[in-house]
Amino acid sequence: MRWLISVASLLALAALASVGGCGEPQFSDAEKKTIASLALNTLPSLKPDTTNQYADLPAAAALGSTLFFDGGMSRDGTVSCSTCHKIDRQFQDDLPQAVGVGHTNRRTMPLAGVARNPWFFWDGRRDSLWAQALTPLENPLEQAGNRAAFAHYIKKRFGERYERIFGLLPDLSAVPANASPLGSDAEKAAWNAMPTGQQEDVNRVFANIGKAIAAFERSIEPEQTRFDRFAIDLATGAAPQGDAAFSPEEVFGLKLFIGKANCVTCHNGPRFTDNSFHNTAVPPIDGLPPDRGRVDAVAQVEADPFNCLGKFRDGDESACRELRFMVKDGPQMMRAYKTPSLRGAASRPPYMHAGQFATLEEVVAHYSKAPPSMEGVSEVHSLDLSERERAALVAFLKTLSD
Amino acid sequence: MGLASIWRYILAGLGLAALLVGIVTAVYLTLPQPAPGPDLSRSKKTANGLFVASFEPERGVVRQGELQSWLLTLKTAAGAPVEGAAITVSGGMPQHDHGLPTSPQATDYLGQGRYRIDGVKFTMSGWWQLRFAVSAAAGSDSVVFNIVL
């Protein structure tokens, strides 16, 4: 009978221990649910882009890839998309602000999962991947070209490939060598002198350049990380093996990320972004032109002839709901910038829309302190994280890069 | 083994059980109690009682981060469908001090007092509010729905 007492005592002790917290599970059910929602295996398959009928055409993606890496797609023949979107650097350039033909005022964005964005650029001034791809081509600080010159260049270099995908090229013999509604005074004058039909022909070729580049960019997707392996094991109840096992500091950082530090409020879903715009009081940089973020982008995307409601869209208008139901005004748009994905972030400093912060430690310190915004109102509230907590958050963020 | 010793074991067991119950109760009482949440009903009277409004996602489920359409159904207090209503939509997250990430609009009238509210998107989890200002033949009134993700 003595053994019965021993068993009863052991059972009682085990019960006490579990109530007292020694055997407490690492994550609550709510935490597990949130962690599962961040894992890459919950990323749905890429939806078709009905506004670009060539989006999933291999020949279009192949031409787009050629154009993406082609320095000929610029005014001086040296700058391509890949100058800033470097293939071996997560399609970004490690610089605080991108440098093309000139020095820009914004940080180059990485491209993993880019085709899933509802809005493009830090301020969302374009509403489709193909409309986005056209913008640097004519930005005087980036590729600095003009659409008439691009149309001529495509005909000369890639005419046959173009026509196999998009049909016959228009007659460009009467189109000036350089002309664009956005170019220099001379280019604008040349554009304005063109008959409407000719302008439309050039715009059509230009739009197709964007559609080919977008078809290529759709293949750039986020890759599985240590965090994803950890999350899958957590969800299935398997003991994480090898590098999928998190250190106590990484577990603590993850708990803070989805809890006290509120990071997951905006950095949510398998891409760690809500695809929305927020003022988080990131300071402006002296010497750069005034930058008000989303508040100025609304008029730009509405005026863009290549936006979803414009005539170069394929498919029907039902694809344009983001643009149709876009917020057009309100104080929350001042100095609001897009929530970037955090996948791979640890290995691509500097951070924020103009590379304001050199390290993740600086980023976390900024959110912990939550200073007021220079202009507009910050949505971030002070967290007063301890040094240990800030370090744990950084340790967790690194698991999204390994 | 006598009867007395069996009673000893039963008593010991009971004592342990009582101790456990006590500890569990103590832990439970010291846990933070959830604050009473906002009213989550999907059907309610408008502020001044002019209409009864119901608000449901058109496809039944709410998905975070997706543009969705919802249905706003308006009836008079007597239960008759409200036709030809002018509806404006506003809202936001009361705890975050910001508005909606999109501008939802009443896009279609579907009959029987049902209006399609398209362009609704909840970009984060938490407490959201959608406020409808309704103008119809019976007068103007408003209603607020709380949605917690």
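Me: How much of chain A is buried, and what makes a residue count as buried?

Reply: Of the 402 residues in chain A, 43% are buried. A residue is called buried if 20 or more other C-beta atoms lie within 10 Å of its own, exposed if 12 or fewer, and partly exposed in between, with C-beta atoms placed from the backbone. Please keep in mind that this is a predicted model, in which local features need pLDDT of at least 70 and side-chain atom pairs count only at pLDDT 80 or more, while totals for chains, interfaces and linings use all residues. Residues are numbered from 1 along each chain as its sequence is written, and chains are lettered from A and ligands numbered from 1 in the order in which they are written.

Me: What makes Asn262(A) partly exposed?

Reply: Asn262(A) has 18 C-beta neighbours inside 10 Å, a count in between the two limits, so it is partly exposed. This residue lies in the loop between helix H10 (248-258) and strand S1 (277-278) of chain A. Its phi is positive, about 60°, although it is not a glycine.

Me: And is Asp384(A) buried or exposed?

Reply: Asp384(A) has 8 C-beta neighbours inside 10 Å, and therefore counts as exposed. You can find Asp384(A) in the loop between H13 and helix H14 (387-398) of chain A. Asp384(A) is not a glycine, yet its phi is positive, at about 50°. Most residues other than glycine have a negative phi.

Me: How do you know which parts of chain A are helices and which are strands?

Reply: They are DSSP runs, numbered from the N terminus: H or I over at least four residues for a helix, E over at least two for a strand. On that basis chain A has 14 helices and 2 strands.

Me: Why are H3(A) and H6(A) called roughly antiparallel?

Reply: Helix H3 (residues 58-68) and helix H6 (residues 147-166) of chain A pack at about 150°, with their axes 9 Å apart. Axes are lines fitted to C-alpha atoms, for helices over the stretch in contact, and angles run from 0 to 180 degrees between N-to-C directions. An angle under 35 degrees counts as roughly parallel, over 145 as roughly antiparallel, 65 to 115 as roughly perpendicular, and the rest as oblique. The angle of about 150° is over 145, so H3(A) and H6(A) are roughly antiparallel.

Me: What makes H6(A) roughly perpendicular to H8(A)?

Reply: H6(A) packs with helix H8 (residues 196-217) of chain A at about 65°, with axes 10 Å apart. That makes H6(A) roughly perpendicular to H8(A). Residues making the contact include Phe150(A) of H6(A) and Phe206(A) of H8(A); here two residues are in contact if their C-beta atoms, placed from the backbone, lie within 7 Å.

Me: In chain B, why are S1 and S6 said to stand at the edges?

Reply: Five strands of chain B form an open sheet in the order S1-S2-S3-S7-S6, with antiparallel pairing. Strand S1 (43-45) and strand S6 (105-109) each have a single partner strand, so one side of each is left without a neighbour in the sheet.

Me: How do you know that S6(B) and S7(B) pair?

Reply: Two strands pair if DSSP finds at least two bridges between them. S6(B) and strand S7 (residues 114-120) of chain B have 4 bridges, in the antiparallel sense, so they pair. The bridge partner of Ala106(B) in S7(B) is Ile117(B).
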